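I opened my notebook to look up a few spots in this chain. Here is what I checked, entry by entry.

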Amino acid sequence: GDNTKGDIVSQYINPYVDGNLELIIATHPDADHIGGLDTVLKNYKVEKVIDSGYTADTKTYSEYIDAVKQEECIFEYDVDTNITLADNVSFNILETGDQWANSNDMSVVSILSYGNTDVLFTGDISQNVEYTLLNRLNNIDILKVGHHGSKTSSSDLFLSIIKPDYAVVSAGENNRYGHPASETLDRLNYYGTRVLGTHTSGNIVLNVNLSSFGFNKSNFIKSNTFENKSENGVELQYVGNKNSLIFHSYTCSSVKNMKDENRVTFYVREDAINGGYIPCKKCNP
């Protein structure tokens, strides 16, 4: 949360904290992600902070990093990491590289697994970073939607790989950015993902046990533009063949003969190109 939210966060997590905070994840140095962390660091004994490694010339970042130094805790940049939290509970950090030019794309990406439930946290990464994760991910039960539901994240190719059953968008009510974008909701709804958002629900709590999970809210979000489209009439919809790495228009005759296990659907043509697929010479998608 932002700079003014540190006390709110500290108070909110207090009933769940027994003793020290073993770990804080600072996804990236934007104020809406680390603004309140200096207060949290002052209010709790913290053992370790994992950071993206991207710095910023801002007062918010200075206050955060000064609080880390004063805490004298372990301070590490993100690398591939597996942390066992308890029996049947693990927390994995997925390193996506340090070559990105902006703070959003440097976000720490992680997966929390409890029993049969996997939750993917993507920070503010864009589609370019999502593509680096395609070979490392499978079906995800719950997606924390990237970049507050911005249209630059949650690409069709990415969603076709992880196929989240549920997604949570963290976005302010009536925010000036218009998050979540209708294009993002379109893509999520297309894959049958049920979407919750803090802009409509407020605090969203996920309750998990070894075999199931549930949310404290049920006002799921649908996209009006998606509801008006039938599968055969979706504009800019393409189908790729995982074996040939060729993509086709949805109505191409080659699609009818394609095995289901080889099929991947693209909602946006750029996603197919960025994913390494080449256009069919017959239908010229």
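**Entry 1: Asp7**

I started at Asp7, which sits in helix α1, residues 6–13. I kept in mind that the model is predicted. Is Asp7 buried or exposed? I found neither: Asp7 counts as partly exposed, because its relative accessibility is 45%.

Next I looked up its contacts. I set aside the neighbours within four places in sequence, and Asp7 is then in contact with Thr39 and Asn43. I also checked Tyr64, which lies 57 residues from Asp7 along the chain. The C-alpha atoms of Asp7 and Tyr64 are separated by 14 Å.

**Entry 2: a sheet**

I then traced an open sheet of 4 strands. I noted the order β15-β13-β14-β16, and the pairing is mixed. Which are the edge strands? They are β15 (263–266) and β16 (278–279), and each pairs on one side only.

I followed β16 to its partner. Strand β14, residues 246–249, is joined to β16 by 2 bridges, and the two run parallel. I picked out one bridge partner: Phe247 goes with Pro279 in β16.

**Entry 3: cysteines**

How many disulfides does the structure hold? I counted 0. I wanted to know why Cys280 has no bond to Cys283. The sulfur of Cys283 is the closest cysteine sulfur to that of Cys280, but the 3.7 Å between them is too far for a bond. A disulfide here needs sulfur atoms within 2.5 Å. Cys283 is likewise in no disulfide.

Last, I checked accessibility. Cys280 is buried, because its relative accessible area is 7%. Cys283 counts as partly exposed, at 22%.

Technical notes: Residues numbered from 1 in each chain as written. Predicted model: local features only at pLDDT ≥ 70, side-chain atom pairs only at ≥ 80, totals over all residues. Heavy atoms only, no water. Buried < 20%, exposed > 50% of the residue type's maximum accessible area, 1.4 Å probe, protein only. Contact = heavy atoms within 4.5 Å. Pairing = 2+ DSSP bridges.
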